[in-house]
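Here are some notes to read alongside the model, written for someone meeting it for the first time. Please keep the sequence and the 3D view open while going through the points.

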Amino acid sequence: MITVSLCMIVKNEEKNLKKCLESLKGIVDEMIVVDTGSTDKTVEIAKEFGAKVEYFKWVDDFSKARNYAFSLASCDYIYSADADEELDEENRLRFIQLKKDIEELDIDIVQMYYTNQLSFRTVYNFDRELRPKLFKRVRNFVWEDPIHEQVILDPVVVNSDIEIIHRPSENHGKRDLEAFRKTVKEGRRLSKRLHGMYARELFMAGDDEDFIKAKDFFAGAVLDTERSLDEIKEASCVLAHIAILEKDVAALLKYTLKDAITEMSAEMCYELGDYYFAVDDLDEAIVWYYNAAYECGSILDARRSGVMPRLALAKCYRKLGNEEQAADYEREAGEIEDA
């Protein structure tokens, strides 16, 4: 049976760490916990579980911290975990069986299901999705990107049926948005993946001030000839929302047309609905909210093709005095939210 090193980076996780490590006892063969500056009992808790605790000076780069944690591992595989994750008994047994099953196989990465993601409004649109979690140590995997880090290389990847329960105790959206701004201010270019995650984080966790602070970056992205069409559409959605905030009709038209180069996104249709609702053109607002709900797909925020336009339609019809139609849209929005 293969051996597994648990590698974690932590800071002030005394509320979460015990449950996480308890759920991994008997599965991992060594625990490596890299602390980046805790002032609570995080380190003491890690040591209670026999973890090897090392320290890493925080430099605003998750990838560098994870690379350091990985460098300390000595087992066949590395399991990368965050303190707010845990395994229930069923998935503990699945993990143990996985260790037996892959002993003779040449597998580099095993993906596991990450669940309970929508307990906070974050960059994720789905409550359950596969993520790379178990890595073959000898491949010397390297993490890239200063935030929302991921592993680079072209490995052999398999999917497992193991489900990891994510139990976040706080929303990291504001922290991540600040990290995006810091990265941009330092002149570091955001990869295509991070460009999309910055835009998505704004829609899912940002407030008006966060959008305004992002204006210069996304205005530059629209003009960047090295950005893809997908990135230009993402940037246009952000800039259209800013145009609504600033009541800049010319800018709204400009970025709407950029999105309309291909099939329009639900996000852009929703912004147009908001514009026409604000100027009391309810008939036109209904057209665009309807398109967001039923005719277009979302590219950043699934809520803008689901619950939000339906509630907006209900608001329009109620303002028109059509209570029956408003109630229908509210019921449909509730069904989507409960699904």
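1. A good place to begin is Glu 85, which, once its neighbours within four places in sequence are set aside, is in contact with Cys 20, Tyr 79, Ser 80, Tyr 114, Lys 133, Ile 164 and Ile 165. Please bear in mind throughout that this is a predicted model.

2. As for where this residue sits, Glu 85 belongs to strand 5, which covers residues 85–86. Is Glu 85 buried or exposed? Its relative accessible area is 3%, and because buried means under 20%, Glu 85 counts as buried.

3. Among the contacts listed above, the one with Lys 133 deserves a second look, since the side chain of Glu 85 makes a polar contact with the side chain of Lys 133, at 3.0 Å.

4. Turning to the whole protein, there are 14 helices and ten strands, and the C-alpha trace spans about 65 × 45 × 40 Å along its principal axes. Of the contacts with a separation of 6 or more, 67% are between residues 24 or more positions apart.

5. Burial can also be viewed across the chain: 50% of the 339 residues count as buried. The accessible surface comes to about 16,500 Å², and carbon and sulfur atoms account for 49% of that surface.

6. Finally, on charge, the protein carries 47 positive and 69 negative side chains, and the centres of these two sets lie 4 Å apart.

Technical notes
Residues numbered from 1 in each chain as written. Predicted model: local features only at pLDDT ≥ 70, side-chain atom pairs only at ≥ 80, totals over all residues. Heavy atoms only, no water. Helix = DSSP H or I, 4+ residues; strand = E, 2+ residues; numbered from the N terminus. Buried < 20%, exposed > 50% of the residue type's maximum accessible area, 1.4 Å probe, protein only. Contact = heavy atoms within 4.5 Å. Areas by Shrake-Rupley, 256 points an atom, 1.4 Å probe, with all protein chains shown as cover. Lys, Arg positive; Asp, Glu negative; His and termini not counted. Charge placed at Lys NZ, Arg CZ, Asp CG, Glu CD. Polar contact = N/O pair within 3.5 Å; in protein donor to acceptor, adjacent residues only side chain to side chain.
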